[in-house]
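Biologist: I should like a close look at a single part of this model, namely one helix and the way its residues are placed. Please set it in the context of the whole chain.

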Amino acid sequence: MLHVKLMKPFYTKKEGHLVKFVFAYQYFSIMKDDELFHFIPVEGKEIIVNLNTFQVENLSEVFVFQKGNRFIRLPLYQLLLVSDIHKHLQAILQEEREEVIEVNDQTRKEATDAIHFLEQANYSRMIDEALSSGDRAMFDALLTQQRESEQLHGGL
């Protein structure tokens, strides 16, 4: 059994529902029979995970590890079978998920603020229209709705 000693993506790239973890020298190493082999990016260098299914997408990617003049070539599917790489991938994905949640919360707040701004602009436009047409009942109703909306959203 191989043990992953270090597995830290050099960088991460998100493309839709896929996340690519790209590895470089000194960021990925494995232990085999008490010997440390370091990843070298001569063939495969990325692991692609589907964020919807959490499945690895590029199982045929070949990773190469080196110690001195000895090399270990492993397709990703085999590396997944004969090592504890799952634990490390889960930890990396958990960090990625926490960042996505933070971004989603920020995006949600920005969207809510934008919607509120547009609602207020629409109230102002409709109030102007009511004033232009001399519709006092519509003016009063819109003014009341606008104030309720502002109170609901903290008076932004």
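Modeller: In this predicted model, the centres of domain 1 and domain 2, taken over C-alpha atoms, are separated by 54 Å. Domain 1 covers residues 2-82 and domain 2 covers residues 105-154 of the protein chain.

The part to examine is helix H3, which comprises the 17 residues 136-152. At 1.5 Å a residue, a span of 24 Å should result, and the end C-alpha atoms of H3 are indeed 24 Å apart, so expectation and model agree. Four names make up the buried set of H3: Phe 139, Leu 142, Gln 146 and Ser 149. Viewed down the axis of H3, these buried residues fall within an arc of 95 degrees, and they therefore line one face of the helix. Exposed residues occupy the other side of H3, where Arg 136, Ala 137, Arg 147, Gln 151 and Leu 152 are found.

For the wider context, two loop residues deserve mention for their backbone angles. Most residues other than glycine have a negative phi. Asp 33, which is not a glycine, has a positive phi of about 50 degrees. Asp 33 is placed in the loop between strand E4 (28-32) and strand E5 (35-40), and with a relative accessible area of 64% Asp 33 is exposed. Phe 54 likewise has a positive phi, near 60 degrees. The loop that holds Phe 54 runs between strand E6 (46-50) and strand E7 (55-56); at a relative accessible area of 39%, Phe 54 is partly exposed.

How values were computed
Residues numbered from 1 in each chain as written. Predicted model: local features only at pLDDT ≥ 70, side-chain atom pairs only at ≥ 80, totals over all residues. Heavy atoms only, no water. Domains from an automatic or database assignment. Helix = DSSP H or I, 4+ residues; strand = E, 2+ residues; numbered from the N terminus. Expected span 1.5 Å × (residues − 1). Buried < 20%, exposed > 50% of the residue type's maximum accessible area, 1.4 Å probe, protein only. Arc of directions from axis to C-beta.
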